[in-house]
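Work through the exercises below with the model open. Try each task before reading its solution.

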Amino acid sequence: METNHEDRWVANRLATIEPQWSPNLARGRELLDARLTGRRHSRTWMAAAATTAAVCVAMLALPGTRTLAQEFWYRFVLNRVDVVRLDLSKLPLHMQVTTNGLEQSVRNIDEAERKTGFRPYLPSPNVLDATPDISVIGPITVEQTIHVRDIESALDKVGASDVHVRAEWEGLQLRTEIGPMVEANYPDNIHILQARPIELSVPSGFALEEFAQAAFRSIGVSWWEARSMARKFAAHPAWLLDIPADAVVNVQEVALRAAPALLIEDLDEKGVVKQATVIWSTSERMYSVSSKNRELSVKIADDLP
């Protein structure tokens, strides 16, 4: 079991999945470096989204989600995807990450099922007639602690003097369970990543919408936009992809047979597509499919359950 208290550890752990425009983050861990050599772009947006969900755990799920009430906790299942043009890594929360095993190769989907507890779905041979390399990642547990003084300091830096931070939030913890994930790598830079939906646990009775608004304000979102975003989360809980405002990407919705999805195309300086990723979530699974063009990515995605 490995524990890390650095806020950027999750981003470093999954640095290989970041799109072309992202900063080249330091790997930090010698073992991880060795395993990921030469694979910086081998993963996909779905794992990046999982990372983002861990970073912004406090505001990803609000009343209306499927819940399991416990004595002290509520558990939420995040099964909707959304995109925001924000830097959610700036949220003033103390994070502790615990991993139960890093990435490991497996021989086939039967072994992947034994290690993850769910059977991976692969496209039919008439869509992808090749045998993929399969690996298992995680699971990852993220625990975040709220410190009122840190939130107030962040709010003060952005001039959000209108926001009230509840004293009773001090020391509260929020927990996210991510993965395990299964990755299938095909020839010609085609990648499929899948996992069960992310699970978020928060203290019973926690003022989620109010905290979400304060959290958005703490990273510089205007009061009216923060309120609107918090209310949107309350009505339609989601896990987020945060894309820098200056990123050269095309984001649009596409209709798959199984569920609505997001298509994200990374573009070069001439507007040519470098990578096209389709990302979506159902009640039992979240997926990401990545290839060199949108038609192929959508075709593969539409062949999965």
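Three exercises follow, on confidence, core and helix packing.

This is a predicted model: local features need pLDDT of at least 70, side-chain atom pairs count only at pLDDT 80 or more, and totals for chains, interfaces and linings use all residues. Residues are numbered from 1 along each chain as its sequence is written, and side-chain values use heavy atoms, without hydrogens and water.

**Exercise 1.** Find where confidence is lowest and highest in the chain.

Solution. Start with the average: pLDDT (the predictor's confidence in each residue, from 0 to 100) has a chain mean of 75. Then go to the extremes. Strand β2 (residues 67-69) is lowest, at a mean of 34, and helix α5 (residues 148-157) is highest, at 96.

**Exercise 2.** Which residues touch the most other members of the largest nonpolar core?

Solution. Apply the definition: buried Ala, Val, Leu, Ile, Met, Phe, Trp, Tyr and Cys residues joined through side-chain atoms within 4.5 Å, where buried means under 20% relative accessible area with a 1.4 Å probe, protein chains only. The core has 27 residues; L86, I146, W169, F206, F211, F216 and V221 touch the most others. Next, sort by element: α6 (208-218) gives the most, with five residues.

**Exercise 3.** Classify the crossing of α5 and α6.

Solution. Take the axes, lines fitted to C-alpha atoms over the stretch in contact. They come within 8 Å and cross at roughly 50 degrees. Therefore α5 is oblique to α6, as the angle is neither under 35, over 145, nor 65 to 115 degrees. Finally, list the contact (heavy atoms within 4.5 Å): I151, A154 and L155 of α5 meet F211, A214, R217 and S218 of α6.

Conventions:
Helices (H or I, at least four residues) and strands (E, at least two) are DSSP runs, numbered from the N terminus. Buried means under 20% relative accessible area, exposed over 50%, partly exposed in between (1.4 Å probe, protein chains only). Axes are lines fitted to C-alpha atoms, for helices over the stretch in contact, and angles run from 0 to 180 degrees between N-to-C directions.
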